[in-house]
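Colleague: I've got a structure open and I'd like to talk it through with someone. Could you take my questions one at a time?

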Amino acid sequence: MHAKKRFHALELMLSELDECIPDSRDTEDAIEEIELTGIINDWLYSLEENDRALFIRRYYFGDAVKSLAEEARCTQNQMAQRMLRLRQKLKARLEAEGYTRSTSVKSYIT
């Protein structure tokens with residue numbers, strides 16, 4: 001219910017700006033993107049600091065698994081498994097929030 005209120009408030013706010021700011025995306029996609037970003041950020045901050053740093057370094061900065069493993073003093077396979085577990089946790093969180101691969105802006109899970 002809380003998410004619906006937030007969605008409505010964002011929709012109203014963005015619709016007011018539609019006349020001022022040209023955008024090829026529609027308002028619903030923009031709202032979904034904002035909401036998705038918030039969910040991912042909340043999830044990131046729920047992680048332990050080490051996991052959060054590794055996830056950001058890998059998927060935001062594009063650091064190689066090999067370099068992450070070397071710094072963490074573990075094997076590449078162990079680091080790849082750690083990344084897999086983090087992705088699985090993110091996927092579960094997003095699915096719990098109603099995001100699936102089959103929706104437009106929500107087609108993010110690999």
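What follows is a set of questions and answers on this predicted model.

Colleague: Let's start with the overall build: how many helices and how many strands does the protein have?
Modeller: Reading from the N terminus, the elements go α-α-α-α-α. No strand turns up in that run, and the count is five helices and zero strands.

Colleague: And what share of the residues is buried?
Modeller: Buried here means under 20% relative accessible area. There are 110 residues in the protein, and the buried share of them is 25%.

Colleague: Which element gives the most to the largest nonpolar core?
Modeller: In soluble globular proteins, nonpolar side chains tend to be buried together. The largest nonpolar core here has 16 residues, and W43, F55, M79, L86 and L94 touch the most other members. Two or more residues come from each of α2, α3, α4 and α5. The top contributor, with five residues, is α5.

Colleague: Moving to α3, why do its buried residues line one face of the helix?
Modeller: The buried residues of α3 are D51, R52, L54 and F55. The face turned away from them carries E49 and N50, which are exposed. Looking down the axis of α3, the buried residues line one face because they fall within an arc of 165°.

Colleague: Which helices are included in what covers those buried α3 residues?
Modeller: α3 spans residues 49–59, and D51, R52, L54 and F55 are its buried residues. The cover over them includes α2, α4 and α5.

Colleague: How about α4: which residues are buried there, and how wide an arc do they cover?
Modeller: α4 takes in residues 65–72, and its buried residues are V65, L68 and A69. An α-helix has 3.6 residues a turn, so residues three or four places apart point the same way. E70 and E71 are exposed on the other side of α4. V65, L68 and A69 sit on the same side of α4 because the arc they cover is only 100°.

Colleague: What do the buried residues of α4 pack against?
Modeller: The buried residues in question are V65, L68 and A69. Their packing partners are two helices, α3 and α5 (76–96).

Colleague: Right after α4 comes R73. What is its phi near?
Modeller: R73 lies in the loop between α4 and α5. Most residues other than glycine have a negative phi, and most peptide bonds are trans. R73 is a residue other than glycine with a positive phi, near 55°.

Colleague: Is R73 buried or exposed?
Modeller: The cut-off for exposed is over 50% relative accessible area. R73 has a relative accessible area of 79%, so R73 is exposed.

Colleague: Now the second largest pocket: which element gives the most to its lining?
Modeller: About 180 Å³ of space lies in that pocket. The lining is made up of T37, I40, N41, L44, F55, I56, Y59, Y60 and L90. Two elements, α2 (27–46) and α3, give two or more residues each. With four residues, the one that gives the most is α2.

Colleague: Last one: how many charged residues are in that lining?
Modeller: T37 and N41 are among the lining residues, and both Thr and Asn count as polar. The full split is seven nonpolar and two polar, and for charged residues the answer is none.

Key. Residues are numbered from 1 along each chain as its sequence is written. This is a predicted model: local features need pLDDT of at least 70, side-chain atom pairs count only at pLDDT 80 or more; totals for chains, interfaces and linings use all residues. Side-chain values use heavy atoms; hydrogens and water are left out. Buried means under 20% relative accessible area, exposed over 50%, partly exposed in between (1.4 Å probe, protein chains only). The arc is that of the directions from the helix axis to the C-beta atoms. Contact means heavy atoms within 4.5 Å. On a 1 Å grid over the protein atoms alone, a cavity is a set of points where a 1.4 Å probe fits but cannot get out, and a pocket is an open set with protein on both sides within 12 Å along at least five of seven lines; lining residues have an atom within 4 Å of a point. Grid points are joined across faces, edges and corners, and a volume is the space filled by probe spheres set on the points. A nonpolar core is a set of buried Ala, Val, Leu, Ile, Met, Phe, Trp, Tyr and Cys residues joined through side-chain atoms within 4.5 Å.
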